[in-house]
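Could you take me around this structure, one selection at a time? I have it open in a viewer and would like to know what to click on next and what is there.

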Amino acid sequence: MTTTDRHILDLHRRGLLTGALALTALVTQPGCVALAQDQGLFGLGVASGDPWPDSVVLWTRLTPATPDPVPLRWELATDDGFGQVVARGEALASPDHAHAVHVIPQGLQPGRRYWYRFHAQGQTSPVGRTRTAPAPGADVPVRFVNASCQRYEHGLFTAWRHVAADDTLDFVFFNGDYIYEYAHRAAGSTPILVRAVDGPECVTLDQYRARYAQYRRDPDLQAAHAAHPFIVVFDDHEVQNNWVSDIPSVPQPAGVEFALRKAAAFRAWYENMPVRPGALPRGAEITAYRRLVFGRQMALHVLDTRGYRDDQPCGDGRKPACEAVHNPAAQVLGPAQEAWLFDSVAGNSAAMQVLGQQIFMAPRPGPHGEVSMDSWDGYPAARARVMRGLRQRGVANPIVLTGDVHRAWAGLVMVDEQALGTEFVATSISSDGDGRDADQGALALIGAHPHLRFHSARRGYTRHEAKDGQMLAEFVALPFVSHPGAEARIVARLMTEARAPGIITA
Ligand code: FE
Ligand code: CA
């Protein structure tokens, strides 16, 4: 055990010890109470998510001064002045769920905007705007953002301010790393520290809840949630760096069972995300994969590449492949999710089948054959099986949307020299700080591999438009996230067509 490991172990122990007291601490620490009261009961904002043609999830999480349950009212209108309220109801914000509520008004009109708000204890929430999915047969353009990786310490969420201002969007797809679990770092202790998180490394339910609360107080993130419905899935940092299945990436400290940590992390994730009840965790198990259809143009298959995956081969990291990489039975999605995906693409007639997922799918071997074991390159048999299975089911060009690497990329998903799909990787919202226009190593990879086409090492997101059987990808980059006021600019506009893998300049 290294000194660092011992330090982490110590943090875990302290986390475990303080866990039982954390709820009390949350309401009795002067700083927390002052913040909650200053910003009112609705200081964590509002959100909506998982739009269907006839319903959408509405979410808020209250910050009351006492742990008692709080009754609230909600209303949904067709105008921002709430002159035409079309649905309303009551709910109870319970401390059992961190005072979060998920309500789902039914019977809504497809493809239209709604506004919503909550009332409790004489206070009214900020107004949120949302949008239902288009009617099943509607041949209308679909515009959305793919985003991920918002490490709070690494930068401001200015990118979200630009997303919030984009009035054309139908939704935001967030593919993972909504929070990072790491402990508070003091100024000067780490190269990138724009602002600090509170608390030790997240292990207990109360610690994960507090971390989500800190993130949700960010005004730019709140603005994006209030402006658009989100479709959210997790990656590794919602639990712990590079976990897969029931395997942590580093041994858990004595007394911390990884299954209990996962259960706490998933519960806090569910409480804080505008997701449907299908994603309610059952202890350390959760079903986050699901399909959302947007009229005739696209079906979004939201995938979970963490929960059912084989352990990273060859001890993880980026290195030349060892024997385990060539395991013919390798699993990334797991048999059940893989079968579900094949049924899901066969069971809808949208022009484009979009895979919303986490880890890099196009091959990206380095000059000495080194690959990232925490990407599909670590599991080539699984990649070939999934992509060939999609082709056999008539999907000529599966469009893969990815995150995780904190860089923007575009490339073709190759299986044995054949392009079987097209991948657009969104950069991070803030993780890795200001960044630069390009990494030299990435440019060398693009030079060596014709199937890799674009790269940027700035922060931002990708804006997509699905229209007439074509998927546009606009790569939006910010010059800095270390201080406020960055402008957003489009650094590449690329396009792929439903009929065949390929990338052209749009
Ligand atoms: Fe990340
Ligand atoms: Ca990640």
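Start by selecting D236: with a relative accessibility of 1%, this residue counts as buried. Keep in mind as you go that you are looking at a predicted model.

**Stop 1: the calcium ion**

Now add ligand 2, the calcium ion, to your selection. Which residues coordinate the calcium ion? Show the side chains of D177, D235, D236 and D404: each offers an OD donor, and the distances run from 2.3 to 2.5 Å. Along the sequence, these donor residues follow the spacing D-x57-D-D-x167-D.

Look at where two of these donors sit. D236 is in the loop between β11 (230–232) and α7 (258–272), while D404 is in the loop between β17 (399–402) and β18 (408–415), so this pair ties together parts that are 168 residues apart in sequence. Click on D404 as well: its relative accessibility is 16%, and D404 counts as buried.

Next, turn on ligand 1, the iron ion. D177 is the bridge between the iron ion and the calcium ion, and the two ions lie 3.6 Å apart.

**Stop 2: E181**

Move on to E181, in the loop between β10 (171–174) and α5 (205–216). Is E181 buried or exposed? It counts as buried, at 1% relative accessibility.

Show the side chain of H237 too, and you will find a polar contact of 2.7 Å between the side chains of E181 and H237. Setting aside neighbours within four places in sequence, the residues in contact with E181 include C202, R211, N241 and R261. One of these, C202, is buried, with 0% relative accessibility.

For a longer view, select R276 together with E181. From C-alpha to C-alpha they are 24 Å apart in space, and in sequence they are separated by 95 residues.

**Stop 3: the nonpolar cores**

Nonpolar side chains tend to be buried together in soluble globular proteins. To see the largest nonpolar core here, select W160, W269 and M298, the residues with the most contacts inside this core of 75 residues. Then colour α7, which gives the most to this core, with 7 residues.

Zoom in on W160. Leaving out neighbours within four places in sequence, W160 is in contact with A147, Q150, V172, F174, D220, L221, A224, F230 and I429. There is also a second, separate core of 22 residues, and to find it you can select L341, L355, W376 and A382, which are among its members.

**Stop 4: the disulfide**

How many disulfides does a search of the whole structure find? The search finds 1. Select C314 and C322 to see the disulfide that joins them, with an S to S distance of 2.1 Å. The torsion about their S-S bond is about -95°, so the disulfide is left-handed. C314 is buried, with a relative accessible area of 17%, whereas C322 is partly exposed, at 30%.

While you are looking at cysteines, click on C149 as well: this residue counts as buried, at 0% relative accessibility.

**Stop 5: S94**

Finish at S94, in the loop between β4 (85–93) and β5 (100–103). S94 counts as buried, with a relative accessibility of 13%. Show P69, H99 and A100 around S94: these are the residues S94 touches, not counting those up to four places away in sequence.

How values were computed: Residues are numbered from 1 along each chain as its sequence is written. Chains are lettered from A and ligands numbered from 1 in the order in which they are written. This is a predicted model: local features need pLDDT of at least 70, side-chain atom pairs count only at pLDDT 80 or more; totals for chains, interfaces and linings use all residues. Side-chain values use heavy atoms; hydrogens and water are left out. Donors are N, O and S atoms within 2.8 Å of the metal (3.2 Å for Na, K and Ca); water is not among the atoms, so sites may look incomplete. Helices (H or I, at least four residues) and strands (E, at least two) are DSSP runs, numbered from the N terminus. Buried means under 20% relative accessible area, exposed over 50%, partly exposed in between (1.4 Å probe, protein chains only). Contact means heavy atoms within 4.5 Å. A disulfide is a pair of cysteine sulfur atoms within 2.5 Å. A nonpolar core is a set of buried Ala, Val, Leu, Ile, Met, Phe, Trp, Tyr and Cys residues joined through side-chain atoms within 4.5 Å. A polar contact is a pair of N or O atoms within 3.5 Å; within protein, one must be able to donate a hydrogen and the other to accept it, and residues adjacent in sequence count only if both atoms are side-chain atoms.
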